Amino acid sequence: MSQSAFAQSFISGKVLNDSNQYLANVKIVNNKSTIIYYSDSLGSFKVPYIEGKNNTLTFFKANYPKKVVSIPTLDNTEYSIQVALSNNDFGLTLTGQVKGKNDDGGVLVLKIKPLAATPSVTGDFLDIIKTLPGVSSGNELSSQYNVRGGSYDENLIYVNDIEIYRPQLIRSGQQEGLSFINGDLVSSLKFSSGGFEARYGDKLSSVLDVNYRKPDSFSVGAQVGMLGASFFMQGVKKKPIIGTNSQKTKFTYLLGARYRGNKNVLNSMDAQGLYKSRFSDFQSLLTYYLNPRNRIELLFNAAQNRYRFEPEFQKTTFGTLQRALQLNIGFEGQEIMDYNSGMAGLSYIFSTRTTELKFVASGYVSQESEHYDIEGLYDIKEVDNNLGSSSFGDAKNLLGYGYFINHARNDLYFIVANFAHQGYKKLKVQKHNARILWGAKYQVENIADKFKEWRYSDSSDYNIYPFGQSGKNLYLNEYIKSKTNITNHKISGFVQYQKGMGKYNQCNLTVGTRVLHASLNNQTVISPRAQLYYEPNKGFNARLKKDTIDENDYLKKNLVLLKFAFGYYYQAPFYREMRNFDGQINTNLKAQRSIHYVGGYEVSFKKWGRPFKFSAEAYYKQLDYLVPYVLDNVRIRYYAANSAKGFATGGDFRINGEFIKNIESWASVSILKTDEKITYVENGNVIVESPYLRRPTDKRVSASVFFQDELNKNPDYRMNLLLNFGSGLPYYLGGTARYKEGNTIPTYRRVDIGFSKILLGGVGAKQLKYAQKHLGKRKIETLWLGVDVYNLLQINNVIGFIWIKDFQNNTYGVPNYLTGRRLNIKLVGKF
């Protein structure tokens with residue numbers, strides 16, 4: 001009120017998020033005033049301008065990074081601006097400074113909006129990880145991914161500092177169901193594809209560290225589509241502070257539920273029949289604040305994933321233009337796969353400005369069953385490929401026929417319980433920021449497994465016997481029966497030190513080590529690790545900032561980051577690595593080891609007046625004590641012996657930025673070579689070492705593009721494009737065939753596209769204004785309709801092969817194709 005009532009300048013405008021939706025209740029502070037302002041329900045605000053130079057507005061909103069806007073000198077005028085707060089920043093945020101609690105230590109940080117519009121067959125949050133550099137996947141039905149030549153089992157996943165496990169018996173992507181992470185609840189994640197810090201656990205390839213939201217207000221969201229539905233709700237309970245008008249947070253809750261049924265997608269596959277898949281889960285994160293420094297968190301998850309399939313027939317056409325073939329199979333029987341799991345984690349956290357102590361008790365339980373009886377009669381025929389023939393495309397010559405029965409009664413129950421402590425302390429060392437982190441964990445694993453599986457097949461009415469056996473009895477091609485009950489105790493710990501160096505903290509060094517002891521194989525391993533980050537232009541820009549008024553002076557140099565990492569990474573056997581093809585358990589199996597050497601370069605720059613970032617990394621991984629395996633769909637079958645050694649080397653490249661103004665997109669390209677030598681016994685007593693063979697995950701080239709666009713004159717209309725490419729993978733049969741070069745799965749190519757229209761809550765949301773005016777307290781924050789087209793180009797991608805013999809005893813590899821083109825419609829709302 002000290003300003004002139006007759007000649008007042010104002011700063012006005014609107015606040016939106018990265019989806020161009022209005023943001024209400026954004027706190028706005030002028031550095032020249034003590035008064036706090038807020039945006040209204042339509043994102044509008046109006047703030048008085050304080051006479052004098054350098055008025056600066058700072059915008060605050062929970063789950064969004066704050067944004068500072070400099071205001072030019074005003075003279076009795078109204079200055080209008082539009083402010084965008086991004087909670088979907090997929091940029092690389094590496095720095096050379098020690099930032100304390102939120103230091104990101106050289107990992108890729110992604111901030112995710114709760115209801116993303118990414119076109120995804122599974123609707124799984126992890127599909128976005130597959131677009132990152134160094135990550136590849138050749139199966140749209142699975143949430144699993146490979147990182148720099150590693151298998152699915154080599155990836156660490158944490159949610160709020162609790163390690164997450166996955167089902168062990170899954171054979172194919174369509175059986176997998178929902179992954180643990182609920183994208184509706186995620187606020188941010190950190191991902192590292194190698195060379196990660198000692199605070200992260202004992203796996204060979206990567207770490208994904210996910211944080212769920214801390215609610216600051218009540219909100220409800222839902223999504224309903226042709227393939228499933230999801231729902232989340234969050235809220236906060238506050239308590240008045242005696243003697244003041246303020247309130248403090250006492251309790252917060254975050255709830256999420258999901259349901260998925262992929263029948264519509266699975267019907268596009270060659271195998272036709274009755275699909276009855278039902279995948280559902282419920283999660284909650286409850287936080288109770290004892291006082292500002294002490295709180296208790298409870299993370300809970302219950303999941304039921306059931307896959308049931310009654311196959312009827314399959315018709316697959318394959319071959320070449322010169323010789324086209326067709327496989328026909330008639331089925332009887334059914335598959336029933338159940339993967340039920342539950343997890344609970346109770347945490348106590350004590351935190352101050354410089355110290356945090358966290359104590360966690362958690363448990364994970366999984367009960368899995370794999371029951372099926374499938375019989376089939378097949379024939380293989382030659383297809384008429386004469387373009388002038390009246391029977392073009394029809395089957396003609398019969399080449400062979402046969403019969404098979406597959407039977408399984410496999411049941412697995414395992415429980416993982418642990419007690420852990422971790423903490424950090426911020427320090428000042430020679431005027432530089434520093435931090436020490438430490439942690440310890442005791443874990444017990446109990447696994448009970450009943451495994452019974454057999455397979456019978458004949459060709460042309462003949463049951464084929466091994467050489468030297470008579471034909472008086474029925475011969476099963478494969479018979480496995482075993483029963484296992486094992487318990488493993490693990491003790492682990494780490495200590496890590498981080499320190500900023502240089503006058504402007506332009507260098508950051510992190511060193512640490514982990515120790516792990518496992519009782520089952522009585523092995524202790526030590527894993528030293530180190531990371532160095534250096535920003536060569538940071539000092540120059542800091543000095544320039546002191547000498548100039550404009551922070552964005554054209555003399556500033558691009559932000560450049562150089563990074564180097566080295567470390568030992570051990571992976572102790574869990575369960576699948578210990579079980580061989582006969583179902584027997586090798587409890588003496590030792591931990592696999594990978595030594596990482598990583599170097600990287602990153603630069604931030606502007607093009608067309610918009611921000612971009614380019615990053616590149618080169619790496620070499622020395623691998624030993626490896627356990628060889630074969631990969632069929634998503635099922636990994638191990639040889640249960642530390643009989644291989646090898647390497648993985650390559651480079652990852654990524655560019656991200658605003659190819660379209662105010663909308664971020666990115667592209668990644670990775671080059672990889674990973675080989676191994678396997679030592680095995682031949683003819684009973686001869687030890688043989690194979691030549692270097694391609695590992696089952698040796699995808700030489702992979703690339704992905706995530707592109708977003710909107711109509712220039714009506715940004716309520718959006719488009720999201722997801723493109724994936726991967727060169728062919730080697731495909732090995734089991735047994736001794738693994739010791740020779742195998743076949744190659746064809747290149748994986750896929751394009752998914754999604755279109756959406758914001759119905760309420762968009763930039764031109766006249767309907768929202770009407771609703772808020774006439775419906776009183778009923779508020780619709782956003783409502784949009786989406787249409788996704790999966791496999792837009794109708795490409796037949798291959799996940800594996802069925803091996804068939806004809807009358808002449810020739811063997812054919814019949815491809816197992818993945819899903820075809822499908823349409824999905826969904827409605828998403830947030831209230």
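Over residues 764–778 of this predicted model, pLDDT stays under 50, and the model has 14 contacts beyond four places in sequence for that stretch. A second such stretch covers residues 1–6, where pLDDT is likewise under 50 and the model has 4 contacts beyond four places in sequence. For the protein as a whole, the mean pLDDT is 85, with 88% of the residues reaching 70 or more.

Strand β43 makes a good starting point for the pairing in this part of the chain. It spans residues 782–790, and 7 of its 9 residues are buried, so the strand is largely enclosed by the rest of the structure. Strand β42, residues 748–760, pairs with β43 in the antiparallel sense through 7 bridges; here F755 is found opposite V787 of β43. Strand β46, residues 822–830, also runs antiparallel to β43, and 9 bridges join the two. Within this pairing, G786 has K826 of β46 as its bridge partner.

Turning to the N-terminal region, an open sheet is formed by 3 strands in the order β4-β1-β7, with mixed pairing. Its edges are taken by β4 (44–48) and β7 (78–85); each has a single partner strand, so one side of each is left without a neighbour in the sheet. On average, neighbouring strands of this sheet are turned by 25° against each other, direction ignored. Strand β1, residues 10–17, pairs with β4 in the antiparallel sense over 5 bridges, and S12 sits opposite K46 of β4.

Note on methods. Residues are numbered from 1 along each chain as its sequence is written. This is a predicted model: local features need pLDDT of at least 70, side-chain atom pairs count only at pLDDT 80 or more; totals for chains, interfaces and linings use all residues. Side-chain values use heavy atoms; hydrogens and water are left out. pLDDT is the predictor's confidence in each residue, from 0 to 100. Contact means heavy atoms within 4.5 Å. Two strands pair if DSSP finds at least two bridges between them. Helices (H or I, at least four residues) and strands (E, at least two) are DSSP runs, numbered from the N terminus. Axes are lines fitted to C-alpha atoms, for helices over the stretch in contact, and angles run from 0 to 180 degrees between N-to-C directions. Buried means under 20% relative accessible area, exposed over 50%, partly exposed in between (1.4 Å probe, protein chains only).
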